[in-house]
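Please open the model in your viewer and keep the sequence panel beside it, since this tour moves from one selection to the next and describes what is found at each stop.

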Amino acid sequence: MRIAEHIAALDEEGARLAEAADRAGLDAPVPTCPGWQVRDLLRHVSGVHRWATGHVITGRRQPYSTREEAEFFAAVEDDELLDWFREGHRALVDTLAAADESVECWTFLPAPSPLAFWARRQAHETAVHRADAESAVSTVPSWAPSFAADGIDELLNGFFGRPGGLLVADPPVSMALVPTDIDAGWTLSIEPAGRRLVAGEMPAQLTVVGPASELYLLLWNRSGPERLELRGDAAVLDLWRAKATITWK
């Protein structure tokens, strides 16, 4: 996907997140984020939006300190929270849209450029949390296959392409992901010292087949496999659910 497409997706996903949050109400629990209410979700995502904007708009080359980060997440009163979210989201969209493609700033995943990184990362950050907001009103979002496949690729090649982390297995296990609505696929081997990813469907202990949007939700641990076809050892998915977690640090 191009930078402009990611920015457009970010714009739409933020608007839909706000709409779902408004329907649910601030006190509503968020089933996909146990222990959170909608207010917690809005505070988190808006803080992330402001944090991302800060890197791009200042051209900052180093990550913010914990003390500096806290300023982006400063609480507002409940009656201001939804507007605060919308303002932060709009500022991020506008900052990315206005940024020069040669802008230099800190990033934390491989990308063609810092602008490409932040546009992609914030599009998927917001889309996944839109799913959280929709879970508060018992609905499940769906995305275009190209966007969902892009998000799967970012998760597998980006987050889990980095060394370290809890997602390891001894003996090794493997999982193939086969979307039915786009020409794409991934086979992930989870090994004692890390992970190996190859493009396409290869023989694996578990093969998961279904629409890219459903695979996207499954891999981000936002839904179960009920709307997907599992071929092979479903225990591999249990390992994924237990160890494939992305948390704010």
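Which residues gather in a patch of negative charge on the surface? Select Glu77, Asp79, Glu80, Asp83 and Glu87, which together make up that patch in this predicted model. Within this selection, centre on Glu80, which belongs to helix α4, the helix running over residues 78-98. Its relative accessible area is 44%, so Glu80 is classed as partly exposed.

Keep Glu87 from the patch displayed and add Gln62, a residue of the loop between α2 (38-58) and α3 (66-72). With a relative accessible area of 53%, Gln62 is exposed. If you draw a distance between the C-alpha atoms of Gln62 and Glu87, it should read 25 Å, for two residues that are 25 apart in sequence.

Turn next to the aromatic side chains, among which a search of the whole structure finds 14 pairs. One of them joins Tyr64 and Phe72, an edge-to-face arrangement with 5.0 Å from centre to centre and 70 degrees between the planes. Both partners can be checked for burial: Tyr64 has 13% relative accessibility and counts as buried, and Phe72, at 17%, counts as buried too.

Now select Trp143 and Tyr216, whose ring centres lie 4.9 Å apart with the planes at 85 degrees, so that this pair is edge-to-face as well. Here the pair links distant parts of the chain, 73 residues apart, since Trp143 sits in the loop between α5 (114-135) and α6 (145-159) while Tyr216 is in helix α7 (residues 212-219). Are these two rings buried or exposed? Trp143 counts as buried at 7% relative accessibility, and Tyr216 is buried with a relative accessible area of 1%.

To see rings joined into a larger group, select Trp51, Trp106, Phe108, Phe117, Trp118, Phe159 and Trp220, which ring pairs link into a cluster.

For the last stop, go to Asp181, in the loop that lies between β1 (173-179) and β2 (186-191). Asp181 is partly exposed, its relative accessible area being 37%. Add Ala149 to the selection and join the two C-alpha atoms: Asp181 and Ala149 are 32 residues apart along the chain, and their C-alpha atoms are separated by 9.8 Å.

Key: Residues numbered from 1 in each chain as written. Predicted model: local features only at pLDDT ≥ 70, side-chain atom pairs only at ≥ 80, totals over all residues. Heavy atoms only, no water. Patch = residues over 30% accessible without salt bridge, like charges linked within 9 Å, V, L, I, M, F, W, Y side chains within 5 Å. Areas by Shrake-Rupley, 256 points an atom, 1.4 Å probe, with all protein chains shown as cover. Salt bridge = Lys/Arg side-chain N within 4 Å of Asp/Glu carboxyl O. Lys, Arg positive; Asp, Glu negative; His and termini not counted. Charge placed at Lys NZ, Arg CZ, Asp CG, Glu CD. Helix = DSSP H or I, 4+ residues; strand = E, 2+ residues; numbered from the N terminus. Buried < 20%, exposed > 50% of the residue type's maximum accessible area, 1.4 Å probe, protein only. Phe/Tyr/Trp six-rings, centres within 6.5 Å; stacked < 30°, edge-to-face > 60°.
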